[in-house]
Amino acid sequence: VMRDAGRLAGLRPGEVEEFTVGSSVARFDDWAGRRLDAILEILHTLWLVAFLTAGSHLLTRDADHLLVKPLEHLMRVLERFRDNPLAALGAESTDEAVEDSATQLIDTIKKLVAILQITVGSAGSEIIARNLSTRGRVNVLLPGTRVEGIFGFVDIRRFTPICELLQEDAIVLVNTIAHYLHTACTRHGGAPNKNVGDAFLIVWKLSNDAEMAEQSALDAVTALMRFIRTVSTAPELERLSDRMGMQAVEVGCGLHLGWAIEGSVGSDFKIDATYISSHVNTSSRVESATKVYGTSFLMTETVFNRLPREKQAICRLVDRALLKGTARPVRLYT
């Protein structure tokens, strides 16, 4: 009940409760009740704001953890692959942990990328890069590119009786030799290209830099020399030779320098990213000549002329021969 007329004037209409009975009017001071209601409304609003903020944070965190980060991670993987199709796709930093399902997806894509890198090799890197940088259907039959390179052709000797004697384990022998060859090749700056049963093509692409070309020639010869030595002393190959009752497994290697067209050969159903030219064929002819001259390694004068002089001094001229597919005789060195 209002006993202070001055206080009545200071109250807002909502803070006064008024009741009329007949000719009597009673007014009650409801300021404290209204103040309590206001405080409760403010607390209620603050609680709702806190609840919605926390809920939004949880939803955002889950979306970021389950969707956004995995997609960003995946995009980084694909961008690195697009920019350099032959680069290794290393693991991301551990602070970017993602859910198991997303991790499995990214790991699967990395495995597919690794298989694709192994399958197409350096000759197919341009095919991958062009297709990932453009929209639309996959186009693998792109125009070729002319490159200068040193082409190495390697053959496993007496392969037909080896297959007859080893049967399924012939694959073990071929893959063991391929491992030794490709390891030596990549360690010396080369690139494995083609595997054709008992034969292999490896390549050292050349630049216009004379010093780099000289180093590539030296690397190519060194790689094949080390490969031949490894094959002749490998315990795995000795065990397979003992099983066959044959002498040690032997290989022949030929090197030739020239130009070739790098690109994809085949159709929309199957392609091989490789090199084609008469110079690639010449490396095969040089390897075949190793059987004639009874040696494991021969190179043409085009490779010999690029070697440093001190290395040329320890090489030997074997013959000057007219190889199949060549217009003039070629000097062969070992």
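## A leucine at the surface

Let us start with a single side chain: Leu43 is partly exposed, with 49% relative accessible area. That value is not over the 50% that would make a residue exposed, and not under the 20% that would make it buried, so Leu43 falls in between. Keep in mind as you explore that this is a predicted model.

Where does Leu43 lie? Its home is helix H2, which covers residues 31-83. Leu43 also helps to make a nonpolar surface patch of about 560 Å², together with Leu36, Ile39, Leu40, Ile42 and Leu46.

## Helix H9 and its cover

Next, look at helix H9, residues 278-293. This helix has 16 residues, and the distance from its first C-alpha to its last is 22 Å, close to the 22 Å expected at 1.5 Å a residue.

Which residues of H9 are buried? They are His279, Val280, Thr282, Ser283, Ser284, Val286, Glu287, Ala289 and Thr290. Several strands take part in covering the buried residues of H9, including E3 (145-156), E5 (199-205), E6 (251-266), E7 (271-276), E8 (297-300) and E10 (330-333).

Both ends of H9 are worth a visit. At the N-terminal end, Ser277 acts as a cap, with a side-chain oxygen 3.1 Å from the backbone nitrogen of His279. After H9 comes Gly294, which has a positive phi, near 65 degrees.

## An isoleucine in strand E6

Strand E6, one of the strands that cover the buried residues of H9, also holds Ile261. Is Ile261 buried or partly exposed? Its relative accessible area is 30%, so Ile261 counts as partly exposed.

Ile261 has contacts well beyond its sequence neighbours. Leaving out residues up to four places away in sequence, Ile261 touches Gly144, Thr145, Arg146, Thr274, Tyr275 and Ile276. Take Ile276 as an example: this residue is 15 residues from Ile261 along the chain, yet their C-alpha atoms are separated by 5.4 Å.

## A buried serine in helix H8

Our last stop is Ser241, found in helix H8 (residues 235-244). Ser241 is buried, because its relative accessibility is 3%, under the 20% cut-off.

What does the side chain of Ser241 reach? It comes to 3.4 Å from the backbone nitrogen of Val249. Val249 also appears among the contacts of Ser241, alongside Met246, Gln247 and Ala248, when neighbours within four places in sequence are left aside.

Note on methods: Residues are numbered from 1 along each chain as its sequence is written. This is a predicted model: local features need pLDDT of at least 70, side-chain atom pairs count only at pLDDT 80 or more; totals for chains, interfaces and linings use all residues. Side-chain values use heavy atoms; hydrogens and water are left out. Helices (H or I, at least four residues) and strands (E, at least two) are DSSP runs, numbered from the N terminus. The expected span of a helix is 1.5 Å times one less than its number of residues. Buried means under 20% relative accessible area, exposed over 50%, partly exposed in between (1.4 Å probe, protein chains only). Contact means heavy atoms within 4.5 Å. A polar contact is a pair of N or O atoms within 3.5 Å; within protein, one must be able to donate a hydrogen and the other to accept it, and residues adjacent in sequence count only if both atoms are side-chain atoms. Patches are made of residues with over 30% relative accessible area and no salt bridge: like charges are joined within 9 Å, nonpolar side chains (Val, Leu, Ile, Met, Phe, Trp, Tyr) within 5 Å. Accessible areas come from the Shrake-Rupley method with a 1.4 Å probe; for residues, only the protein chains shown count as cover. A salt bridge is a side-chain nitrogen of Lys or Arg within 4 Å of a carboxyl oxygen of Asp or Glu.
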